[in-house]
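Here's a quick tour for anyone meeting this protein fresh. Have a look at the structure, then read on for a few spots to find in it.

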Amino acid sequence: MNEFVIVGAGLGGSLMATLLGRSGRRVELLERRPDPRSGPVEAGRSINLAISTRGLHALEEIGLREQVLGMAIPLHGRMIHPMRGPLAFQPYGTHGQAINSVSRLGLNQALLGAAEATGTVRLRFLRRCVDLDPESGEVLTVDARNGLGEERHPGIVIGADGAWSAVRGHLQKRERHDYSQTYLSHGYKELHIPPAEDGSHRLERHALHIWPRGGYMMMAMANVDGSFTVTLYLAFEGPESFHWLRAPEDVSRFFERTFPDAVPLLPGLHQDFFANPIGSLVTIRTRPWHHEGTVALLGDAAHAIVPFFGQGANAAFEDCLALSGALTRYSGDCARAFPAYEADRRPHADAIADLAIANFQEMRDKVASPLFRLEKRAEALLHRLFPDWFVPLYTMISFSRIPYAEARDRAARQRRAVRGIGLGLLLLVL
Ligand SMILES: Cc1cc2nc3c(=O)[nH]c(=O)nc-3n(C[C@H](O)[C@H](O)[C@H](O)COP(=O)(O)OP(=O)(O)OC[C@H]3O[C@@H](n4cnc5c(N)ncnc54)[C@H](O)[C@@H]3O)c2cc1C
């Protein structure tokens, strides 16, 4: 008999399985895809992703921090590519802090290895969850390849099956279950900058490259093999949008006009552009995150957010620690642990969801403006002069474990105080 059944062996599910397994619990980890450690994997979203302090802390708890850092490229700041003129580097922190570009596949493989190494986690690939009985906590799966071979998996269910969670779908059918999904008007497409002939990176590898263009933008993050994964964020419809980029000449014209310095770096532009799908960007909020003591949700299944603060996986990892902590605090009594976990985490998930949307506007519209750069420099100076009083929002989110909602509220207080001081000084001068 399983104690826990986790649906989804992505980033959150495999970390949660490891935490439970390390505390001696018997876990069945169900995943609809094949084992990413052997054979080809389904082409998915975001080949690499940024792991920062929150994620590293969770990885440290299961002894994976150094291994993951060993396969990461630290990014010390943003490199802004204006339409014209020289590149501008904006450091992330005043103390050389860095976010870490990691391969999603490599991270998932490491987490699955850690789950398996506990000895109490049973991994089951190619099992797709198709039904759930929230009362008894039993999951029904089929063989993901042909929809046959039904199997029942009894146990306390944890839904870690991503933004389009089947587990959440079954909770949603119940009375008084709130759910909302909001799409951005923009989508994303991944492109590829190959390594230089000598295998080196064609751009500065220790920076997150951004091409801010007002209503849209492009980003690039280095991979360890010398390549960069590039993501174009563009509206689906409207004057400058995916809708108008239908023929190779449209794509060439658009890139030559808006991202001229990137064009020579993208030899496979047309091939990538027409082969790769356009991903959508959704914010999902739902409540409750649990049912009695039988089912709980974590990660994107509970709160999918847009990727502009690079926090989705970091937040999923924080959920795992919070859920595991609640289970320990309540001695495994899920009926008490699950509500406590939700009460602890949901306000912070809501906060980072809002902050991530706001950061999209900042990245695409503001980072190139001289006023914005001045503001960032002023923030860095204030932080250096009064490190306990003034901490920039980005620093709190990416380089601290201050809960997201507290970071948001503190940033708002700081902003008000700084404006008040500025106004006071102005009045004095006048
Ligand atoms: C373009 C982009 C860039 C991003 N960049 C960052 C970043 O820089 N930093 C960051 O922290 N986050 C980033 N994210 C967010 C991050 O990818 C997610 O928040 C994170 O993967 C959530 O982990 P999860 O375990 O909840 O879900 P997932 O990682 O999506 O895992 C869910 C798993 O469940 C499986 N599954 C789904 N349905 C079923 C089913 N019915 N039965 C069985 N298994 C099922 C899936 O196959 C998958 O393996 C980015 C996201 C996108 C889209």
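Leaving aside its neighbours within four places in sequence, which residues is aspartate 225 in contact with?

## Around aspartate 225

The contacts to look for are Pro195 and Gly199, once you set aside the neighbours within four places in sequence. Bear in mind that this is a predicted model. To find aspartate 225, go to the loop between strand E15 (217-222) and strand E16 (228-235).

Its side chain also makes a polar contact with the side chain of serine 227, at 2.6 Å. As for proline 264, that residue is 39 residues from aspartate 225 in sequence, and their C-alpha atoms are 19 Å apart in space.

## A nonpolar patch on the surface

Next, turn to the surface. Leu381, Leu385, Phe386, Trp389, Val418, Ile421, Leu425, Leu428 and Val429 make a nonpolar patch there, of about 910 Å². Two elements give two or more residues to this patch: helix H11 (370-385) and helix H13 (404-429). H13 gives the most, with 5 residues, and leucine 425 is in that helix.

## The second largest pocket

H13 turns up again here. The second largest pocket has a volume of about 970 Å³. It is lined by 32 residues, and the closest to its centre are Glu375, Lys376, Glu379, Arg415 and Arg419.

Which elements give two or more residues to the lining of this pocket? They are helix H10 (334-366), H11, helix H12 (393-399) and H13. Once more H13 gives the most, this time with 10 residues.

## A salt bridge between distant parts

The model has a count of 26 salt bridges. One of them joins arginine 122 to glutamate 28, with the closest N and O atoms 2.9 Å apart. This pair links distant parts of the chain: arginine 122 sits in strand E8 (residues 121-124) and glutamate 28 in strand E2 (residues 27-30), 94 residues apart.

## Two backbone oddities

Most residues other than glycine have a negative phi, and most peptide bonds are trans. With that in mind, here are two places to check.

Arginine 176 has a positive phi of about 55 degrees, although it is not a glycine. You'll find arginine 176 in the loop between helix H5 (166-172) and strand E13 (178-193).

The other place is the peptide bond from arginine 287 to proline 288, which is cis, with omega near -5 degrees. Proline 288 lies in the loop between strand E17 (279-287) and strand E18 (290-291).

Note on methods: Residues numbered from 1 in each chain as written. Predicted model: local features only at pLDDT ≥ 70, side-chain atom pairs only at ≥ 80, totals over all residues. Heavy atoms only, no water. Helix = DSSP H or I, 4+ residues; strand = E, 2+ residues; numbered from the N terminus. Contact = heavy atoms within 4.5 Å. Polar contact = N/O pair within 3.5 Å; in protein donor to acceptor, adjacent residues only side chain to side chain. Patch = residues over 30% accessible without salt bridge, like charges linked within 9 Å, V, L, I, M, F, W, Y side chains within 5 Å. Areas by Shrake-Rupley, 256 points an atom, 1.4 Å probe, with all protein chains shown as cover. Salt bridge = Lys/Arg side-chain N within 4 Å of Asp/Glu carboxyl O. 1 Å grid on protein atoms, 1.4 Å probe; cavity = no way out; pocket = protein on both sides within 12 Å on 5 of 7 lines; lining within 4 Å. Points joined across faces, edges and corners; volume = space filled by probe spheres on them.
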